[in-house]
Amino acid sequence: MAGTARHRKVLDYYRDFGLGWFSNLEDSLSWETHGYALRNSKVTGTNILILGLGKTGLSCAAHYHRQGCKVAVMDSRSEPPCLQSMQQAYPNIPVITGGFDIPLALQADQIVLSPGIGYHEPIVQKALAAGIKVIGDIEVFAQYVTAPVAAVTGTNGKSTVTHML
């Protein structure tokens with residue numbers, strides 16, 4: 001009976017979030033649409049390369065596009081999950097699929113990694129060696145948000161703690 005809806009352990013209190021828009025982390029970069037101010041980042045015109053075109057990559061591309069950056073996206077997969085959405089919403093943003101173009105990446109001012117891309121990837125190592133700033137999506141969020149943030153991390157208990165907050 002443990003684990004069923006009515007017979008959970010006390011600390012296994014996971015259920016539907018009920019926090020509305022905040023329950024989807026990919027929406028976190030769109031906080032300005034929910035009435036929260038974002039810091040003025042002065043990144044207009046900056047060359048931003050997004051590695052990975054899943055939900056996170058699409059979200060980051062949309063965010064930087066709204067900031068006036070020159071955005072490009074690369075994915076090692078030939079048909080990444082959000083390719084069609086990206087092409088429909090942002091047809092002018094270049095998308096390279098099927099591998100990473102290192103010479104193009106080295107032209108970026110900043111590279112944003114999606115969660116599935118590791119720092120061990122050759123493209124990331126070459127960018128770091130060239131002095132290009134490489135960050136993840138959570139860092140992007142942290143740089144822009146001005147609203148109070150409570151971060152819950154760890155292997156176990158995140159849903160329980162988040163619900164208690």
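Visitor: In which sense do S2 and strand S3 pair in this predicted model?

Guide: S3 covers residues 95-97, and 3 bridges link this strand to S2. Within that pairing, Met 74 has Ile 96 of S3 as its bridge partner. The sense of the S2 and S3 pairing is parallel.

Visitor: What is the handedness of the crossover from S2 to S3?

Guide: Between the two strands the chain passes through helix H2, residues 83-89. The path is a β-α-β crossover, and its hand is right-handed.

Visitor: Which residue of S2 is the bridge partner of Ile 50?

Guide: Strand S1, residues 47-51, runs parallel to S2 and is joined to S2 by 5 bridges. S1 and S2 also belong, with helix H1 (residues 55-66), to a right-handed β-α-β unit. Across the S1 and S2 pairing, the partner of Ile 50 is Val 73.

Visitor: How many residues of strand S2 are buried?

Guide: Buried here means under 20% relative accessible area. S2 spans residues 70-75 and is mostly covered. Of its 6 residues, the number buried is 5.

Visitor: Within what arc do the buried residues of H4 fall?

Guide: Helix H4, residues 122-129, has Ile 123, Val 124 and Ala 127 buried. Seen down the axis of H4, these residues line one face of the helix, because they fall within an arc of 100°.

Visitor: Which residues are exposed on the other side of H4?

Guide: The buried residues of H4 are covered by elements including S1, S2 and helix H3 (102-105). Strands S4 (110-113) and S5 (133-136) are also among what covers them. On the other side of H4, the exposed residues are Pro 122 and Ala 129.

How values were computed: Residues numbered from 1 in each chain as written. Predicted model: local features only at pLDDT ≥ 70, side-chain atom pairs only at ≥ 80, totals over all residues. Heavy atoms only, no water. Buried < 20%, exposed > 50% of the residue type's maximum accessible area, 1.4 Å probe, protein only. Helix = DSSP H or I, 4+ residues; strand = E, 2+ residues; numbered from the N terminus. Pairing = 2+ DSSP bridges. Right-handed = clockwise from strand over helix to strand, strands pointing away. Arc of directions from axis to C-beta. Contact = heavy atoms within 4.5 Å.
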